[in-house]
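Open the model in a viewer and keep the sequence panel in sight. The tour below goes from stop to stop, saying what to select and what is found there.

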Amino acid sequence: MESTSDPARREVTPLELFFDLVYVFAIGQLSHRLLAHPTWTGAAQTLVLYLAVYAAWAYTTWAVTLVPAEDPRTRRMLLAVMLVGLFMNAAIPRAFSDAGWLFVATFLLVHIGRTVWLLTVGLDEVNQEHFVRVLVWFVAAAPLWVTGAAVGGGARLAWWAAALLIELAGTWTAHPLPGRRLESRQIGFAGGHLLERGRLFVIIALGETVMTTGTALTAAPYEPMTLLTGSVALTGTVALFWLFFSRSERVVRHFQRTEDPMRAGRSGVISLMASVAGLIAVAVADERVIVHPVDHAGITTNLLLFGGPALYLVPQVWHGATLFDELLSPRLLALSALVVAGLLTPMAPACLAAVVAAVIVVALAAFEERRPTDDTQGKPAPRTVHTPDPIT
């Protein structure tokens with residue numbers, strides 16, 4: 001049976017939105033964890049947990065792009081992953097203490113179980129062979145996950161980081177194995193559906209940023225400084241929203257025209273991974289500024305305030321260069337401004353540093369709002385580059 005989806009753009013189903021609620025919870029858990037552990041070790045631990053959570057969401061979303069959610073088998077798979085994923089995400093706060101086994105067991109059950117399921121639903125020959133390779137890569141990383149759960153302290157972080165490096169290498173290179181090269185061009189793939197799911201995941205992360213700001217405001221004293229810092233935080237979030245969505249229709253058109261939607265999907269999944277991590281950092285920075293507005297910003301707050309928007313923008317610049325062969329100079333200029341401002345303001349009050357960061361992203365959003373976005377105006381057609389493998 002052929003299960004690969006129609007390449008036409010499909011609507012996102014209510015079940016998929018329901019499934020995402022588990023990851024609304026996860027993003028909140030990750031933000032709160034980083035806020036509670038604002039150290040290099042805490043940041044590294046949060047990053048490892050985030051990458052695992054993102055992989056669970058992204059690979060499941062790719063699976064539903066291949067086998068539509070209207071299929072009863074897909075509905076059952078989604079609900080099963082949702083149940084197991086709830087326990088995985090609930091383990092986030094204590095994953096590096098007494099919940100390590102729970103986190104690893106549920107993560108591997110989702111990761112490996114979903115891949116085995118895909119091999120039973122009748123994919124086309126290329127995708128069937130590709131997911132055999134995915135399974136090999138996942139199984140190769142599994143002993144590192146298990147070993148990390150069996151040890152404690154910094155050793156757990158090292159083992160889990162090594163496991164993630166293997167999985168990221170597989171994702172980046174499309175899970176190669178010796179033997180026949182796989183051709184991803186002109187394979188039926190609902191790239192527009194994957195794009196829409198990615199945009200909704202960004203909304204989840206932006207929503208967590210807004211919720212974190214609101215929660216901080218409820219606990220802060222009702223005075224002018226609270227009004228200032230809350231307004232700056234929300235203004236910056238609105239600008240980040242605009243920077244992501246204002247030019248996304250161009251990406252939609254690319255998905256509609258390209259001969260290799262899997263390649264475009266691969267680029268989108270990788271860039272989204274970094275952008276959402278940037279939004280988590282922004283959420284934590286906003287809360288720190290609202291709670292301590294007149295303290296020196298310091299290195300930690302500045303890394304979050306300026307590094308978060310930079311991490312959000314860098315993958316979007318890379319994604320545009322990958323799809324359209326162009327580098328957006330205004331975004332490169334804004335990234336440079338974020339780096340310079342972050343270096344100059346550690347001793348400034350946190351509220352002032354937050355204003356500077358917000359001014360940079362708002363100025364970029366305002367400039368791009370005035371700039372034509374139609375890629376037909378003197379722009380070359382988007383390139384289609386041959387790649388040997390699909391991406392999940």
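Begin by selecting Glu129 and Arg133 in this predicted model. The two residues sit four apart in helix α5 (residues 125-150), so about one helical turn separates them. An α-helix has 3.6 residues a turn, so residues three or four places apart point the same way. Show the side chains: those of Glu129 and Arg133 meet in a salt bridge, with 3.1 Å from N to O. The partners are covered to unlike degrees. Glu129 is partly exposed, at a relative accessible area of 24%, while Arg133 counts as buried at 5%.

**The whole chain**

Now zoom out and colour by secondary structure. The protein chain has 13 helices and zero strands. Of its 392 residues, 57% count as buried. Turn on contacts between residues at least 6 apart in sequence: 84% of them join residues at least 24 apart. Switch to a surface view, and about 16,400 Å² is exposed, with carbon and sulfur atoms supplying 70% of that area.

**Salt bridges between helices**

Return to charged side chains. Side chains of opposite charge can pair when their charged atoms come close. The whole structure holds seven salt bridges.

Select Arg197 and Glu16, whose side chains meet in a salt bridge at 3.2 Å, N to O. This pair links distant parts of the chain, as Arg197 belongs to helix α7 (residues 191-219) and Glu16 to helix α1 (residues 14-36), 181 residues apart. How far are these two residues covered: is Arg197 buried or exposed? Arg197 counts as buried, at 1% relative accessibility, and Glu16 counts as buried at 3%. Add Asp20 to the selection, and a network of salt bridges links Glu16, Asp20 and Arg197.

Next select Glu368 and Arg331. Their side chains meet in a salt bridge of 2.8 Å, N to O. Here too the pair links distant parts of the chain: Glu368 is in helix α13 and Arg331 in helix α12 (residues 329-344), 37 residues apart. Both Glu368 and Arg331 are buried.

**Helix α13**

Stay with Glu368 and select the helix around it, α13 (residues 350-370). Its 21 residues reach 31 Å from the first C-alpha to the last, close to the 30 Å expected at 1.5 Å a residue. Which residues of α13 are buried? Among them are Ala350, Cys351, Ala353, Ala354, Ile360, Val361, Leu364 and Glu368.

**Aromatic rings**

Show Phe, Tyr and Trp side chains as sticks. A pair of aromatic rings is described by the distance of the centres and the angle of the planes. There are 14 aromatic pairs in the model.

Pick Phe19 and Tyr23, a tilted pair with 5.3 Å from centre to centre and 50° between the planes. Both residues lie in helix α1, four residues apart, about one turn of the helix. Phe19 and Tyr23 are both buried.

Then move on to Tyr54 and Trp57. The ring centres of Tyr54 and Trp57 are 5.8 Å apart and the planes lie at 40°, so this pair is tilted. Tyr54 and Trp57 are both in helix α2 (residues 40-66), three residues apart, about one turn of the helix. Each has a relative accessible area of 2%: Tyr54 counts as buried, and so does Trp57.

To finish with the rings, select Phe96, Phe103, Phe107, Trp145 and Trp160, which ring pairs link into a cluster.

**A nonpolar patch on the surface**

Turn the surface back on and select Phe25, Leu83, Leu86, Phe87 and Leu102. Together these residues make a nonpolar surface patch of about 450 Å². Which helix gives the largest share of the patch? Helix α3 (residues 72-90) does, with three residues. Phe25 is found in helix α1 and is partly exposed, with a relative accessible area of 32%.

**The loop between α6 and α7**

The last stop is a matter of backbone angles. Most residues other than glycine have a negative phi, and most peptide bonds are trans. Select Ala174, which lies in the loop between α6 (153-173) and α7. Although it is not a glycine, Ala174 has a positive phi of about 65°. Ala174 is buried, with a relative accessible area of 2%. Step on to His175, placed in the loop between α6 and α7. His175 is not a glycine either, yet has a positive phi of about 50°. With a relative accessible area of 1%, His175 is buried.

Notes: Residues numbered from 1 in each chain as written. Predicted model: local features only at pLDDT ≥ 70, side-chain atom pairs only at ≥ 80, totals over all residues. Heavy atoms only, no water. Buried < 20%, exposed > 50% of the residue type's maximum accessible area, 1.4 Å probe, protein only. Contact = heavy atoms within 4.5 Å. Areas by Shrake-Rupley, 256 points an atom, 1.4 Å probe, with all protein chains shown as cover. Expected span 1.5 Å × (residues − 1). Salt bridge = Lys/Arg side-chain N within 4 Å of Asp/Glu carboxyl O. Patch = residues over 30% accessible without salt bridge, like charges linked within 9 Å, V, L, I, M, F, W, Y side chains within 5 Å. Phe/Tyr/Trp six-rings, centres within 6.5 Å; stacked < 30°, edge-to-face > 60°.
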